[in-house]
Amino acid sequence: MANNEDLFKKIISHSKEYGYIFPSSEIYDGMAAVYDYGQYGVELKNNIKQYWWKSMVQMHDNIVGIDSSIFMHPKIWKASGHVDAFNDPLIDNKDSKKRYRADVLIEDHIAKIEDKIEKEVLKAEKRFGDSFNKEEFVSTNQRVLDNQAKIDDISSRFADLMNAENLEGVKLLIEELGIVCPISGTKNWTDVRQFNLMFSTKMGSLSEDTNIVYLRPETAQGIFVNFLNVQKSGRMKIPFGIAQIGKAFRNEIVARQFIFRMREFEQMEMQFFVRPGEELKWFEHWKETRMKWHLSLGIPKTEYRFHDHEKLAHYANAATDIEFRFPFGFKELEGIHSRGDFDLKQHQEFSGKKIQYFDPELKENYTPYVVETSIGLDRTFLAVLSHAYTEQTLEDGTIRTVLNLPKVLCPIKAAILPLVKKDNMPEKAKEIEKMLRSDFMVQYDEKDAIGKRYRRQDAIGTPYCITVDTQTLEDNTVTIRERDTMHQDRIPISDLTNYIHKGIRPLA
Ligand code: GAP
C-alpha cells in the first residue's frame with residue numbers, strides 16, 4: 001500500500017512538472033478538489049473526448065450528440081429527484097474534526113478485505129506456478145471464502161440500511177466493523193447525516209429564493225429534457241441514443257484523491273432510448289460495448305472489472321460500474337444503468353408536456369425506457385495516466401521515466417529533433433515539422449543533447465522521436481524512435497506520415 005501511495009504522489013508531481021495538471025488557483029494557495037489542465041493535459045483530455053465521441057456518435061447511425069447548457073430550469077432538479085435525494089451520508093470524527101462519507105468508509109473497509117483475498121491468491125500463484133487455477137482456488141480456499149462471505153454480508157447490510165434510509169444503522173455498522181478515523185485513530189464518530197451535493201447560485205438581478213438555479217450535477221438531464229426536440233428534428237427511431245460531453249458540479253464532501261473526485265468535472269454520457277421490455281437486452285449490449293471500448297485502449301483486462309450495484313434506485317432494474325485499478329485500488333470509472341421510464345415520466349409530470357414516442361411498427365405511443373452509459377472524463381484521464389506512468393531501469397543503471405500512454409491519446413504524436421544545432425539540420429527538421437503539423441500535434445526541439453531530448457519526450461509520452469542527422473541531408477531519410485521499445489528505424493521522410501498514422505491506430 002505504501003508503494004502505491006508513493007506511486008500516486010509521483011504521478012501527481014509528474015503531472016504538474018510536465019504540464020498535464022496544475023492545482024487550481026495555485027498562486028492563491030489552491031482550492032480543494034478543483035484542478036486546471038495544462039498544455040499537454042488539455043490535449044490528452046481532448047483526445048479522450050474525441051475517442052469517445054467517435055465510437056459513440058460517429059460510429060453509430062442511431063446515436064446523435066447535443067451540447068446542452070449548464071444552467072437549466074430549477075424544476076428540472078426537482079423532477080429528477082436531485083433536490084430531495086442527491087445526498088451523500090456524511091460522518092465526522094469528533095477527535096480529528098475530519099469529515100468522511102460513511103459509504104466511502106465502508107467501501108474502504110471492504111477494499112481491505114479484498115486486499116487480503118488478493119494477497120492469498122498471489123501467494124498461491126507463487127506456490128503452484130503454471131499449474132495454478134485461480135477460479136478453482138477462489139471457489140475452494142476456505143480463507144478466501146470466509147473473506148468473500150464477510151464482504152457480501154457487509155455490502156448487503158449496508159445496501160439494506162441505505163435503502164431504508166436508516167442512518168442510525170449505518171453509524172452502528174461503522175462502529176461494529178471497528179472502523180477508525182485514519183487521522184485520529186479513534187472511533188469517536190458523530191451521527192450520520194445527509195448532505196446535498198448540488199451547488200446553487202442566483203440568476204438575474206433579484207436575490208430572491210425564486211431565482212435560485214443549480215449548477216448541473218450531471219449532464220444527463222440536459223438530454224432527457226431535449227428528448228422530444230432531438231427525436232422530432234432528427235426523425236429518430238427507437239432504439240436511438242443521445243450523447244453529450246460536458247461539465248458537471250458536485251459539492252463533494254471528501255475530495256482527497258486528485259482528479260478522481262472533483263467539485264467541477266466532466267462527464268461523457270449517453271442515454272439510449274428503447275422499447276419497454278427490451279431494456280435488459282440493451283443493458284447487456286452496452287455493458288459489453290463499453291468494456292470493449294476500454295480494452296481497445298490496450299490496457300489489460302486485469303485492470304478492469306464489473307461491480308454490480310446492490311442498492312438499486314426504486315425505478316431501476318439493473319446497474320453496474322466498470323471499475324478500474326487506480327493506484328488507490330479498484331474504483332468506479334463508468335456507470336451503466338437501466339433506468340426504466342423514470343426520467344421521462346418525471347419530466348412529463350413536472351413540465352405538464354406529453355413526452356412520448358409513437359412507434360410506427362407497434363403503432364402505439366409509449367414512454368421509452370432508458371439505458372445510460374456515464375463515464376467521467378477526468379477519471380478516464382487519471383486511469384490512462386496512472387497506468388502509463390512507468391519508471392524503467394535501463395541496462396546502464398539509469399532510470400527512464402516514461403508515460404506509456406495509448407498512442408491514439410498522446411498529446412504530442414511526434415517530436416522532430418535535429419541531431420545538432422548546425423549544418424542545416426535545424427532547417428531540415430523544421431521542414432519536416434511543417435509537413436507533419438497538419439496531420440498530427442508535433443513538436444520541434446533543438447535544446448540539449450539528443451539523449452536528454454529523448455527523455456523529455458518519454459516523460460510527456462510522445463510515441464515517436466524523429467531525428468535529422470548528416471545522412472538525412474544526403475538521402476532524405478530520418479531515424480524514428482519508438483517510445484516503448486526505444487527501437488529505431490531509418491525511413492524516408494516521405495513515409496513518415498503513413499508510419500505515424502499506422503503506429504497510433506487504436507486496437508479496434
Ligand atoms: N447520470 C448518471 C451519473 O451521473 P454517476 O455515477 O453519479 O452517474 C457518472 O456519475 C460518472 O461520473 C462516474 O462513474 C465518474 O466517472 C464520474 N464522476 C462522478 N462524480 C465525480 C466527481 N466528483 N469527480 C470526477 N468524476 C466524477
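In this predicted model, helix α11 (residues 279-295) lies across six strands: β3, β10 (264-274), β11, β12, β13 (329-340) and β16 (369-376). The helix runs at about 150° to β13.

The strands under discussion belong to an open sheet of 7 strands. Their order is β3-β9-β10-β16-β13-β12-β11. The pairing is mixed. Strands of a sheet pair through backbone hydrogen bonds, and the pairing may be parallel or antiparallel. Two strands stand at the edges of this sheet, β3 (63-66) and β11 (304-308). Each has a single partner strand, so one side of each is left without a neighbour in the sheet. From one strand to the next, the twist averages 25°.

The β11 edge can be followed residue by residue. Strand β11 pairs with β12 (residues 318-326) over 5 bridges. The sense of this pairing is antiparallel. Within the pair, F306 stands opposite I322 in β12.

Strand β9 (240-249) follows a loop that begins after α10 (227-233), and P239 lies in this loop. A cis peptide bond joins P239 to I238. Its omega is about 5°.

The domain assignment divides the protein chain into three parts. Domain 1 is made of two stretches, 1-70 and 211-394. Domain 2 covers 87-196, and domain 3 covers 412-503. The centres of domain 2 and domain 3, taken over C-alpha atoms, are separated by 50 Å.

A second open sheet has 3 strands, in the order β5-β4-β6. Here the pairing is antiparallel. Strands β5 and β6 (193-196) stand at the edges. Each of them has a single partner strand, so one side of each lacks a neighbour in the sheet. Neighbouring strands of this sheet are turned by 45° against each other on average, direction ignored. Between β4 and β6, which run antiparallel, there are 4 bridges. D88 stands opposite F195 in β6. Helix α5 (residues 102-128) packs on this sheet and touches β4 and β5. The direction of α5 makes about 70° with that of β5.

The loop between β4 (87-92) and β5 (99-101) contains K97. Phi of K97 is near 65°. This is a positive value in a residue other than glycine.

A positive phi also appears in a hairpin, that of β17 and β18. Strand β17 (residues 389-393) and strand β18 (residues 399-403) run antiparallel and are joined by 5 bridges. T393 stands opposite I399 in β18. The hairpin has 5 residues between the strands. In this hairpin, G397 takes a positive phi near 90°.

Attention now turns to empty space in the model. Rolling a probe the size of a water molecule over the atoms shows where such space is left. The second largest pocket has a volume of about 780 Å³. It is lined by 28 residues. The closest to its centre are Q50, Y51, K54, V408 and P506. Three helices, α2 (39-58), α11 and α17 (496-504), each supply at least two residues of the lining. The largest share comes from α2, with 7 residues. Helix α11 thus has two roles in this account: it lies across strands of the sheet, and it supplies residues to the pocket lining.

The lining of this pocket is mixed in character. It divides into 14 nonpolar, 7 polar and 7 charged residues. The pocket also draws on separate parts of the chain. Domain 1 and domain 3 each give at least three residues to its lining.

Definitions and conventions:
Residues numbered from 1 in each chain as written. Predicted model: local features only at pLDDT ≥ 70, side-chain atom pairs only at ≥ 80, totals over all residues. Heavy atoms only, no water. Pairing = 2+ DSSP bridges. Axes fitted to C-alpha atoms, helices over the stretch in contact; angles between N-to-C directions. Contact = heavy atoms within 4.5 Å. 1 Å grid on protein atoms, 1.4 Å probe; cavity = no way out; pocket = protein on both sides within 12 Å on 5 of 7 lines; lining within 4 Å. Points joined across faces, edges and corners; volume = space filled by probe spheres on them. Nonpolar A, V, L, I, M, F, W, Y, C, P; charged D, E, K, R; others polar. Domains from an automatic or database assignment.
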